Each structure stands twice: as structure tokens, then as C-alpha cells.
Amino acid sequence: MKLRQKILIANILLVFIPVIAMGAISYSSFSKAITKKSSNFYSVSLLETDRKLHYALSEITSISNSAITQPVIQQALKNQDHIPDYDIRQEINNLLIHHPMVQAFQLYSRDRLVYSYNSAGTFADLKNQSWFTAMESAEGRPIWSGPGENGTATDDQPVLIHARVIKDYYSLEDLGSIVIQVKANLLDQVFWETATMEQGNILLLNKSGFIVYDKSGEHTGSSVSFPFLYQEDATDQQYFFDDYHGIKSLITYLPSQQTNWFLVAITPTSIIQAESVTIRNIAVLLASFSLLSAFIFDRFFVLRLIKSISRTVNGMRRVEQRNFVQIPVETTQNYDESDMLVLGFNRMSTQIEELLHQVELEQTMKKEAELQALVSQINPHFIYNSLESINSMAVLQGNKDISRMVISLGRLLRISISENKELIPLSTEFEHVRHYMNIQKYRFEDKFEYTLELPEHLQHYVTQKLIVQPLVENALYYAIEPMESKGYIHIVASENEHDIFIDITDNGPGFDEQVLLNLLSDRPSINQKYKDSSVGLRNVHERVRIRFGHSYGMMICSSPGLGSTIRIRVPKIVP
């Protein structure tokens, strides 16, 4: 994929998609907030409506509670064979019809109609009612049946049914039942002031899904199937979305204080989401604008940048072929970063061209220096040849000590002068020390002894050249030589996981604390002897630190009369 396409995709991913996501999230969050707000609004409205409904029904219940305990009704049901006379009927009417919403009522004994007001019917008609079984099961408690349940929804005068069993005041035996027809206007009065949103509707449902009452009056008596009707346990969220007569709606419900009834508020989602449409449209406009901006950005900026990069890449390919042709830059007073890239490449290619000429010149000079170095090697060879001549003369004269001394000196010089590598194996470094000590043995004779310990598995590791011999020389001249007794120098190599330690131990007089502090410092020493020693020690210490870092170098341990130990710490380096 080309860079321009990558930038365009990145621009879309970083701008267009976030704008779409932000718009979608904002729209979703606002819609949820509106839904929650609408549901809370309806919850409060339904709660107030249910309170009014309970109060209205309680008034009728209070009337029946008072009436069924009165002697006139109790005696009328007990003496069911006697038809109530006018006075009894008037007394019963006064107990029940003084409420303006009571339209009619019937008194039934256990097997027939005893008295009715403003209605007609038989005991057989009573038993055929859908609510009859519920009334008998209520054991004297009142039951209610709305217009949508009792079949009067389509009548000219729909009614609410209030029915209950009448029990003997003293024995609590069933005497009969009372059925009161209440005008459906009672429900109209309760639901009329219920607050709803535009095109909203309020329903009163029973547990079976029948619409007991519809505020709009369109669907009373029909049935619905909402999920909450089949839930055994109540949930915290008492709203959901569902289709109501083919229209997707927000449905908020509240269980009524009246058993098996639910108050339900219906609001089309199009009304609720009308306030969210503005946010959705703004999100779409922003997404369209960001997409258009991405293409404009690609056309007027990215394309120019890609052209500058392409010209620079082509220039790099020419440089690989040692063709240092300058890239043309459009003449303008305002350079941007793409122009600066081209100008920087032109400067770089010019510098590369100059550096190539300089390297070629330096290579020529290097070859000349190598030729001069070959000539200069004549001097070391002259020294080696001279030492070989001395050795031959000593052998011919039978002087073996001079011969061995000359051989050691020759090997010592060969390692010191002829070794071109800065890092040499530990075995070579220890061999150099051994040759040096052999030469010194001829000078000091039996005044000292020395030992060298280099484990075989450490011999192949490399270290800096000539770091042990100066320390051995320091021990020999400043520790062993002043001694009257026999001296001893021990050189040993050891290791840990990452480093190698070389310890040079002598049994000389040692140093006091002040001399020990001055040895590795730059402060001048009053004693010329220790001054010379300090220079040699600092030289080795600084060389090791410069080569391997500040965590490496030299450590001195000494005490007057107990000798000295100098430890060199170097890293493990495999050649």
C-alpha cells in the first residue's frame, strides 16, 4: 500500500470514524436519557393516577361495606321467600344509590335474585358472568371487573362491576351476594387528568392481558401480550420497547393497588426520539464534513508531500549510483517541511560527494603511511637480530645465564613492541610477566621468589596489554627491594560470573593509610619514591577504566608490616 493511501486511511480512522463514533454515542446517550426521562415522567403520572383510582374505588367499597352489614339487607336475604315491600326497597336504595356513580345494583340470595334496582337479571345470569368464580373465591372481599372484562365496553352505557359475597353478620355464613354497576364515567374522571405526552395513551390492563379501560376509547376490551404480564418477579426497570398495534412504542407500566390490574402508558418512539433527531442530523453533517475534509487534505497537502518524498527517494537512488544531481525545488518564499526535506537532501548529497572525495584522499594517504610503516619495521628487526647475535656468542662461550637472559629479553620486547593488537590473551600477558621476572631474577638472585597461577579455562580470555607487568615491577622495586629478608610475589587470576580478577600480592612492608590514599589521587607526594609508584599505578588504573568503563580498574589493599595486594578487575571477553 502506498504512503498516500496509508495517510488517507489514517486520516479517516483518526478523524472520520471518531466523529461517527462520538455522534453515535451522543445520539445513543441522549436517546437513553430521553427514554429514561419519559419513563420517569410516566412513572410519576401513573403512580398519581393509581392513587386516584384507588380512592375512587374505595368510595364504592365503603358504601358496600356499610350496606351489607345493615339489618335490612341481612333480613331481606335471610327471608328470601318474602318479596321486599316498598319501604324495605326504599331503605335499601338509600343505602346504595346515594353515590352519583352507582347506576344499578342487584341483591342475590344463594339461589335467586331477591331485589334489583334499575336493572334486570336472574341468578343463572349471575353464574354465567366471567367474574362469578373470582367473587366466590374472594370470601366476602369485593372484586372489580372493568368494561373490557365484563363485556359492557361496546354497550351504550359501559359499567364497572363491583361484586362481593354477603355473609351473616354474626355467623359469617354466606347469605348471598351483591352486584353494583358503577358508571364507567368514574374511570373517565380518574384518567382524564392523567398527564401524557403528545399522541400518548393510558391503559388499564388485567393480568390476562385484556384492556380493562383505554383512555382513547379505541381498544377497550381487546387483548395485548406484554412481557411483564408473564413475569413472576418484579424488576427495577418498569419500561420497555414493544409494538402496540403495529407502532413501536415506549411502554411504561405500574402494578396497581387493585389486585391483578396494571396501569400502562403508551408513547410512540417517534415522538420520544423527535428531540434526538437534531443530534443525529448534526452527527451526520459532522461525519460528512470530516470525510470531505479528509479528501481536501489529501488533494491539497498530502499529494504535494508525497511528490516531495518521491523526488527525494528518486534522488537517493541516483546517489546510490554516485550520481549527485540536485533535486529542483519550486521557487517560493515560504518553504514548508516538504521543501526543507528536499533542500536538506540536496545539502546531504553535496556533503556525501565531498566526503567520498575526502575518503579517497585519505585512503591514498593511508597506503603511503603503510609503506612508511613497513620501512620502519626495519629497526625492531635490527634489535632482534642483534640480540640473536649476542645469544649466539654467549652460547659459544658457554655462558648459559647470559643466553637465557637475552632470550627472555627478546621475547619480552617482541610482546611489548611487535604486538599490534591492544587486547591480548591472558596467557600472553602472563607469559610477558614470566619473562620479566626471569630477567629480574638474574639481578636480585635469591632475594625473592614468585609464582604465577592462571587456570587453564581462563587462558583464552583477552584483556588489555601490559597491565600486570607494571604492577609486578612496582611490587618488586618498592616492596621487595627494600626488604632485608626474602620477598615473595604471588600473581593469580580468578573469576566470577562476568569478570576476571588478577591479584598481585607481596609480603613487603606495606603502606600506611595516608600513602594509600595518595597512590591513586592526583595530589603531589612528598616522598619521591611513592610519587614514581603512584604514576605507574594510576597509569594502569586509567587505561583499564578508559578501555572497559568506570566499573573496572584497580583496587589496593595494604597495611604496614602486612604486605600489599593489588587487584585488577576486567570483564570477561572472548576473542
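**Exercise 1. Residue pairs across β14 and β15**

Task: In this predicted model, find which residue stands opposite A493, and describe how the two strands involved are connected.

Solution.
- Step 1. Start at A493. Its opposite residue is I502, in β15.
- Step 2. Place the strands. β14 covers residues 487-495, and β15 covers residues 499-506.
- Step 3. Check the pairing. β14 and β15 run antiparallel to each other and are joined by seven bridges.
- Step 4. Look at the connection. Three residues separate the two strands, and together the strands form a hairpin.

**Exercise 2. The other neighbour of β15**

Task: Determine in which sense β15 and β17 pair, and over how many bridges. Then locate the residues opposite F501 and T505.

Solution.
- Step 1. Locate β17. This strand spans residues 564-571.
- Step 2. Read the pairing. β15 and β17 are antiparallel, with eight bridges between them.
- Step 3. Take F501. Across from F501 is R569 in β17.
- Step 4. Take T505. Its opposite residue in β17 is T565.
- Step 5. Ask about cover. Seven of the eight residues of β15 are buried, so the strand is mostly covered.

**Exercise 3. Assembling the sheet**

Task: Give the strand order of the sheet that holds β15. Which strands stand at the edges, and why is one side of each left without a neighbour?

Solution.
- Step 1. Write the order: β12-β14-β15-β17-β16. This is an open sheet of five strands, and its pairing is mixed.
- Step 2. Find the edges. They are β12 (448-453) and β16 (553-558).
- Step 3. Give the reason. Each edge strand has a single partner, so one of its sides has no neighbour in the sheet.
- Step 4. Add the twist. From one strand to the next, the average is 15°.
- Step 5. Add helix α13, residues 426-444. This helix packs on the sheet and touches β12, β14 and β15. The directions of α13 and β12 make an angle of about 170°.
- Step 6. Add helix α14, residues 469-480. Helix α14 also packs on the sheet, with contacts to β12, β14, β15, β16 and β17. Its direction makes about 150° with that of β14.

**Exercise 4. A salt bridge between two strands**

Task: Which parts of the chain does the pair R567 and D503 tie together? Is each residue buried or partly exposed?

Solution.
- Step 1. Identify the contact. The side chains of R567 and D503 form a salt bridge, at 2.8 Å from N to O.
- Step 2. Assign the strands. R567 is in β17 and D503 in β15, so the bridge ties together parts 64 residues apart in sequence.
- Step 3. Judge D503. Its relative accessible area is 11%, so D503 is buried, the cut-off being under 20%.
- Step 4. Judge R567. At 29% relative accessibility, R567 is partly exposed.

**Exercise 5. A salt-bridge network**

Task: The whole structure has 10 salt bridges. Which residues are linked with K167 in a network, and how accessible is each member?

Solution.
- Step 1. Pair K167 with E139. Their side chains meet at 3.4 Å, N to O.
- Step 2. Place this pair. K167 belongs to strand β4 (residues 159-167), whereas E139 sits in the loop between α5 (132-137) and β3 (143-145). They are 28 residues apart.
- Step 3. Pair K167 with D174. This salt bridge is 2.6 Å, N to O.
- Step 4. Join the pairs. E139, K167 and D174 form a salt-bridge network.
- Step 5. Read the accessibilities. K167 is partly exposed at 22%. D174 is partly exposed at 35%. E139 is partly exposed at 49%.

Note on methods: Residues are numbered from 1 along each chain as its sequence is written. This is a predicted model: local features need pLDDT of at least 70, side-chain atom pairs count only at pLDDT 80 or more; totals for chains, interfaces and linings use all residues. Side-chain values use heavy atoms; hydrogens and water are left out. Buried means under 20% relative accessible area, exposed over 50%, partly exposed in between (1.4 Å probe, protein chains only). Helices (H or I, at least four residues) and strands (E, at least two) are DSSP runs, numbered from the N terminus. Two strands pair if DSSP finds at least two bridges between them. A salt bridge is a side-chain nitrogen of Lys or Arg within 4 Å of a carboxyl oxygen of Asp or Glu. Axes are lines fitted to C-alpha atoms, for helices over the stretch in contact, and angles run from 0 to 180 degrees between N-to-C directions. Contact means heavy atoms within 4.5 Å.
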